[in-house]
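Colleague: I would like a close look at a single part of this model. Please take one helix and walk me through its surroundings.

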Amino acid sequence: MKSIKKVCCIGAGYVGGPTMIVIAAKCPQLDINVVDINEERIAAWNNSDLDKLPIYEPGLKEVLKKCRNRNLFFSNRVKENISSADMIFISVNTPTKTKGIGAGQASDLKWIEASAREIGKYGKGETIVVEKSTLPVKTAETIKSILLSFTKPKELKNGDDKSFYVLSNPEFLAEGSAIDDLENPDRVLIGGDNKGAISALKEIYLNWVSEDKIITTDLWSSELSKLIANAFLAQRVSSINSISALCESTNANINEVSRAIGMDTRIGKEFLKAGPGFGGSCFKKDILNLIYICNHYGINEVASYWEKVIEINNWQQKRITKIILEKLYGTVSGKKITIFGFSFKANTNDTRESPAIKICKDLLEEGSFLSIFDPKVNPSQIAIDLGIQQINEKNFKNNESGWSFSESLEDSVNNSDAIVILSDWDEFCDINYDNLINKMRKPSWIFDTRNIVNKNDANKSGFNIWSLGNGSLI
Ligand code: UDX
Ligand code: UDX
């Protein structure tokens, strides 16, 4: 296998962007071209104003600054960059199918297929193709068979024919900590059946990852491991969320329970924070995929087991709206509610599957006016997610619904009846409660779904507090 000099990545999204930025920074000897069919996205990656990049990640712009236009380039030139690449990462999106067989569960692989065809057509010489996107098991087989259709049979090959090697190298980064996760991964997983191709990819990671953290396996195990890692993580969130409801009914405290069980090294302390339910582009999609695969193989009991993880997640979001209604005397119609945090977690501008979407939609349905504040999410994205444009509060009519975006935390609470904390941004942990309560209507409520409010301070200022999984406060 020739040595890798030129790398191409198809898809400049939340996975492709940060991953290539870190590889470029760690491997100055490589020439990396990130390509995307979305021109606006590429223009944003090339923006000289680093505060206008398409995605927000702590530390991202600092690393990007080091390598953009040095050995890292963003462009829409898909064909040329495929042709000249020794290694091509596929990082395109694989959304859940909305129609046809498997709708609502299976992943739509049309972008993967399209990418494989482009690679088959324009690839030259020996090319290693790396699946980065999370994919249902056995997708590599699809990619392989498409690529094979573009190559000549062995006996007809001469010196300059094309050949492809497919690897699975799932990405485990979490949004909000992507740069750190990429720079210090728990493990790197490479699945494949060609030793040379595996070594070539391993060489790249060895520039900054120690060998004992690089696991190599067969293609199918690698693809499946990524799905299962996400399913297990999501399951932990649903497990702790289910117990948050029990704590509320029994005067226990979910933080104490998390701490006590997490100190058992067999359980571990990570991923035990109760909240409004998991969001993000992966957890739900991957579990739905797992369910689809299990049903496909007739393992229906296993499918229903994993279905519960999603059911609890939906239930948790619904339950929060119900509690808000109950506490606000059974109705929010005509009331103003301030939402702190619209992203699916802190430190990202990503709103995909954010619990805020469902909770806000339910509150709008009940006739409230929402004043939304988020440090990084763009109001135009919120309008897309909620399906309605923002309005001026003055034009809000009783019995209808409406929302507006606030540029500051302080302004967002003017004349509000309640604050609902939905994502765990640092900004919401250290609040001047006296300042806020003076601007709000009485009685003033805080609904803390992330357990980040300083209850003593908030109480002293006169707030009524409901805090998720906190029985003694209810
Ligand atoms: C996400 C998940 O993180 C990943 O694990 C999952 O498998 C797919 O969805 P992400 O990077 O977050 O990946 O997706 P997104 O931000 O939507 O980026 C995908 C990019 O691929 C988009 O910019 C899109 O324009 C681009 N794309 C898609 C292409 O360039 N070519 C295509 O044919 C299709
Ligand atoms: C996840 C996986 O962690 C990552 O390995 C994979 O590559 C992609 O999917 P991501 O979705 O970006 O990453 O973020 P993550 O930190 O896992 O959080 C997912 C959701 O679970 C968020 O909504 C978060 O708020 C929630 N969560 C997480 C909790 O409610 N409690 C926790 O203890 C942890």
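Modeller: One definition comes before the rest: angles under 35 degrees count as roughly parallel, over 145 as roughly antiparallel, 65 to 115 as roughly perpendicular, and the rest as oblique. Keep in mind that this is a predicted model. The part to look at is helix α9, residues 219-250. Its partner helix is α12, residues 300-327. The two pack at an angle of about 45°, and their axes are 9 Å apart. α9 and α12 are therefore oblique to each other. The crossing of α9 past α12 is left-handed.

Now the residues. From α9, the contact includes Ala-231, Phe-232, Gln-235, Ser-238 and Glu-248. From α12, those met include Tyr-305, Trp-306, Trp-315, Arg-319 and Ile-323. By class, this contact of α9 with α12 has 10 nonpolar, seven polar and two charged residues.

α9 also meets the sheet. It lies across β5, β6, β7 and β8. Relative to β7 (188-192), α9 runs at about 140°.

That sheet is open and has eight strands, in the order β3-β2-β1-β4-β5-β6-β7-β8, with mixed pairing. β3 (72-75) and β8 (214-217) stand at the edges with a single partner strand each, so one side of each has no neighbour in the sheet. From one strand to the next, the twist averages 25°. At the β3 edge, β2 (residues 31-35) runs parallel to β3, and four bridges join them. There, Val-35 stands opposite Ser-75 in β3.

Another helix, α5 (residues 110-122), lies across β1, β4, β5 and β6. α5 runs at about 165° to β4 (87-90).

Terms used
Residues are numbered from 1 along each chain as its sequence is written. Chains are lettered from A and ligands numbered from 1 in the order in which they are written. This is a predicted model: local features need pLDDT of at least 70, side-chain atom pairs count only at pLDDT 80 or more; totals for chains, interfaces and linings use all residues. Side-chain values use heavy atoms; hydrogens and water are left out. Axes are lines fitted to C-alpha atoms, for helices over the stretch in contact, and angles run from 0 to 180 degrees between N-to-C directions. A crossing is left-handed if the near helix is turned anticlockwise from the far one by less than a right angle, and right-handed if clockwise. Contact means heavy atoms within 4.5 Å. Ala, Val, Leu, Ile, Met, Phe, Trp, Tyr, Cys and Pro count as nonpolar, Asp, Glu, Lys and Arg as charged, and the others, Gly among them, as polar. Two strands pair if DSSP finds at least two bridges between them.
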